Amino acid sequence: KIKIENFIISHAKGMYPSATVSLRIDGERYEYSASGDGQYDAFMNAIKKIYFDLNKPLPMLVDYVVSIPPGGKTDALVEAMITWKFNREFKTRGLDTDQTYAAIIATEKMLNLIENEFNNG
């Protein structure tokens, strides 16, 4: 139901990270840009703008854990486990070679969970 279609995230020394996110909800496309204290914060700030304009609630991020396997390989799969609170606590997980993208995968899962489970009873 909800798909993160595209995003661009930039981070440059001495500047705030920024993100532009294209999100599809029920076939409608929404695109916003935002900055933040880090790349994922900028990404989430863009999502928050979309949800605010749609008057849709978002859960609170309770915990964010990134697990990087030992061994020093730069292409290793990274796991992002995010705990959210929205009526109850729940976790979503993302897996990718990039830790920010792993968190974005976990976030897309969260968006669909709250849309399907919480908003539809």
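1. Asp41 (D41) lies in helix α1, which covers residues 39–53, in what is a predicted model. With a relative accessible area of 28%, D41 counts as partly exposed, because that class takes in what falls between the 20% limit for buried and the 50% limit for exposed. Although 23 residues separate D41 from S18 in sequence, their C-alpha atoms are 8.7 Å apart in space.

2. On the strand side, β1 (residues 2–10) and β2 (residues 18–25) run antiparallel and are joined by eight bridges; within this pairing, I4 has L23 of β2 as its bridge partner. Strand β2 also pairs with β3 (residues 28–35), again in the antiparallel sense and over eight bridges, and here S22 stands opposite E31 of β3.

3. The connection between β2 and β3 deserves a look on the model, since the two strands form a hairpin with two residues between them. One residue of the turn, D26, has a positive phi of about 50°.

4. The largest nonpolar core holds 27 residues, and those touching the most other members are L23, Y40, F43, I47, Y51, W84 and L111. At least two residues of this core come from each of β1, β2, α1, β5 (78–86) and α2 (99–118), with α1 giving the largest share, eight residues.

5. For Y40, leaving aside residues up to four places away in sequence, the contacts are L61, Y64, I82, W84, T100, A103, I104 and T107. Of these partners, W84 is also listed among the core residues that touch the most other members, as is Y40 itself.

Notes:
Residues numbered from 1 in each chain as written. Predicted model: local features only at pLDDT ≥ 70, side-chain atom pairs only at ≥ 80, totals over all residues. Heavy atoms only, no water. Helix = DSSP H or I, 4+ residues; strand = E, 2+ residues; numbered from the N terminus. Buried < 20%, exposed > 50% of the residue type's maximum accessible area, 1.4 Å probe, protein only. Pairing = 2+ DSSP bridges. Core = buried A, V, L, I, M, F, W, Y, C linked by side-chain atoms within 4.5 Å. Contact = heavy atoms within 4.5 Å.
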